[in-house]
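Me: I would like to go through the labels used for this structure and ask what each one rests on. Please set the values against the cut-offs.

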Amino acid sequence: MKKILLLVGLLISSNFIIAQISVDESLSIEVLIEDVLIGNPNFPSSNYSKSTGSDFGDDNGIGAFNVNGTDFPFSGIVLSSGRAMNAEGPNTDLNSDGGSAWPGDADLEAVTGVSNTNNASSIEFDFVPAVSAISLEFLMASEEYDQNFECTFGDTFAFILTNNNTGTSENLAIIPGTTTSIQVVTVHLEVAGQCDAVNEEFFDTYNFEPFGSSTDTAIDFNGQTVPFLIVGDLVEGNSYTLKIVVADALDTAFDVALFVKGGSFGAFPVIEEDPDDLLVVDSDGDGIATFDLTVNETQMLGAIDTSVYSFDFSYYLTEEDAVAGVNSIFLPETFTNTSNPQTIYVRMQNSFTGAHVETSFQIETDGQLGLEDGFGSYFSLYPNPVLDQLHINSSELFSELNVAIYDVRGELLISEKQFNTTEEINIDLSSLSSGIYFLELISEEHNTTIKLIKN
């Protein structure tokens, strides 16, 4: 009875040529996983395997797909409980492929709690990560989304990640903020008189009238979820197995498909353009200025969708520190240069996966950097370079004078306040290591910064 209810509405012919995804079933499982799914060097993979209907004398449910300029959110791989080629839109046919000889999957049932699965398609492979997290972007589509069967038939899928060093496994495909696996029965709208909405914010659209259009949809399924982004923690250097599997539940009818974005495995960051060099006009000509090193971040992100992928930026004085991710500049929004010009190294890192790339740019002022023992018309200091004691003199009486010492990353190391004094101010620098520092003097009317060298 289940198969009859929607046949009249779905078998509608169309006189229009509609943009739709295209499916390619010709790729080997190794190419499909290594090149289409992963596509970056942080996850070297091996031991590829698959299981689908063609292994049991039935349809092939695994392939690569391309969006072909449609409004479908991405290209990648498709795993279906029916024939993969039948995922191509528009939604004018009922996909209800696969017979009883095509089995379900025990691993899928174990991690989701769904019983009596059928027509399972899966891919599986080992990998050893070079980063500390994994991410994948995907969506589920199903013929069960018909304002009826989503209340009962829990067609489902899983991303089963196994740590081969510990033997522990987990399903990464859960509804955000919960421990609930993603199934047709756990993500759907209200069906009047049958079931309430469940996690409806994760359901995207119906692809049939009167709820949507069957003739201008990119895929041939009744409904689909929104794209999900899953994230899992990894231990760098450990061996893992990932099994991606999808299946019908309770019967072999009304197919389900999992669409996984190609290259989203690890979401390796790509810097679209080299960041611009920064030039600041130096008002006092001393070659020292304050730079906001973060102004190029939008340019470096380029066309990356930051609503889906999150990136962290950090800034460094050496390329070695940038690669290692150590000794970052403390306050990159207010960085004071230590040479003129000066090279700044930037590390752009995926917040979820830890994958990163590095690049550099220059900062420069139009002044001439020097090492003067006297500076300005209000303060003088000596010696510079300094060993232990720094001496500061003022030509005016200030009611309050703030004295601060910063390192080259902008981190505050020493802070003192002097009140109503014209006497020489002595600052003990014996606790500081040898290197370059900055002295900042702030009074009611004056703000002066000079570079110090500590021997």
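**Labels and their grounds**

Me: Why is Glu-170 called partly exposed?

Reply: The model is a predicted one. Glu-170 has a relative accessibility of 39%. Buried means under 20% and exposed means over 50%, with partly exposed in between, so Glu-170 counts as partly exposed. The residue belongs to strand 8, residues 168–171.

Me: What is Glu-170 in contact with, leaving aside its neighbours within four places in sequence?

Reply: The contacts are Phe-159, Ile-160 and Leu-161. Contact here requires heavy atoms within 4.5 Å. For Ile-160, the C-alpha to C-alpha distance from Glu-170 is 5.6 Å, at a separation of 10 residues in sequence.

Me: Why does Glu-416 count as partly exposed?

Reply: Its relative accessibility is 28%. The range between the buried cut-off, under 20%, and the exposed cut-off, over 50%, is the partly exposed one, and therefore Glu-416 gets that label. Glu-416 lies in strand 24, residues 412–418.

Me: Which residues does Glu-416 touch, not counting those up to four places away in sequence?

Reply: Glu-416 touches Leu-401, Asn-402, Val-403 and Ile-427. Leu-441 is 25 residues from Glu-416 in sequence, and their C-alpha atoms are 9.9 Å apart.

Me: What makes strand 24 an edge strand of its sheet?

Reply: The sheet is open and has four strands in the order 24-23-26-27, with antiparallel pairing. Strand 24 has a single partner strand, and so has strand 27 (447–454), so one side of each is left without a neighbour in the sheet. Neighbouring strands of this sheet are turned by 20 degrees against each other on average, direction ignored.

Me: How do you know that strand 23 and strand 26 pair?

Reply: Two strands pair if at least two bridges are found between them. Strand 23 (residues 401–407) and strand 26 (residues 435–442) have six bridges, in the antiparallel sense, so the requirement is met. Within this pair, Ala-404 is opposite Glu-440 of strand 26.

Me: What makes the pairing of the sheet with the order 14-19-18-16 mixed or uniform?

Reply: This open sheet of four strands has mixed pairing. Its edges are strand 14 (278–280) and strand 16 (311–316), each of which pairs on one side only. The twist from one strand to the next averages 25 degrees. One of its pairs is parallel: strand 14 and strand 19 (residues 356–365), over three bridges. At least two bridges are needed for strands to pair, so three are enough. Leu-279 stands opposite Glu-364 in strand 19.

Me: How do you know that strand 6 and strand 11 pair?

Reply: Six bridges join strand 6 (residues 133–142) to strand 11, and the two run antiparallel. The requirement is at least two bridges, so these strands pair. Ser-135 faces Val-231 of strand 11 across the pairing.

Me: Which residues of strand 11 are on its covered face, and which on the uncovered one?

Reply: Phe-228, Ile-230 and Gly-232 make up the covered face of strand 11 (residues 228–233), while Leu-229, Val-231 and Asp-233 make up the uncovered face. In a regular strand, side chains alternate between the two faces of the sheet.

Me: How much of the protein is buried?

Reply: Of the 455 residues in the protein, 49% are buried, the term meaning under 20% relative accessible area. The protein has five helices and 27 strands. Its accessible surface is about 19,800 Å², and carbon and sulfur atoms account for 48% of that.

Note on methods:
Residues numbered from 1 in each chain as written. Predicted model: local features only at pLDDT ≥ 70, side-chain atom pairs only at ≥ 80, totals over all residues. Heavy atoms only, no water. Axes fitted to C-alpha atoms, helices over the stretch in contact; angles between N-to-C directions. Buried < 20%, exposed > 50% of the residue type's maximum accessible area, 1.4 Å probe, protein only. Areas by Shrake-Rupley, 256 points an atom, 1.4 Å probe, with all protein chains shown as cover.
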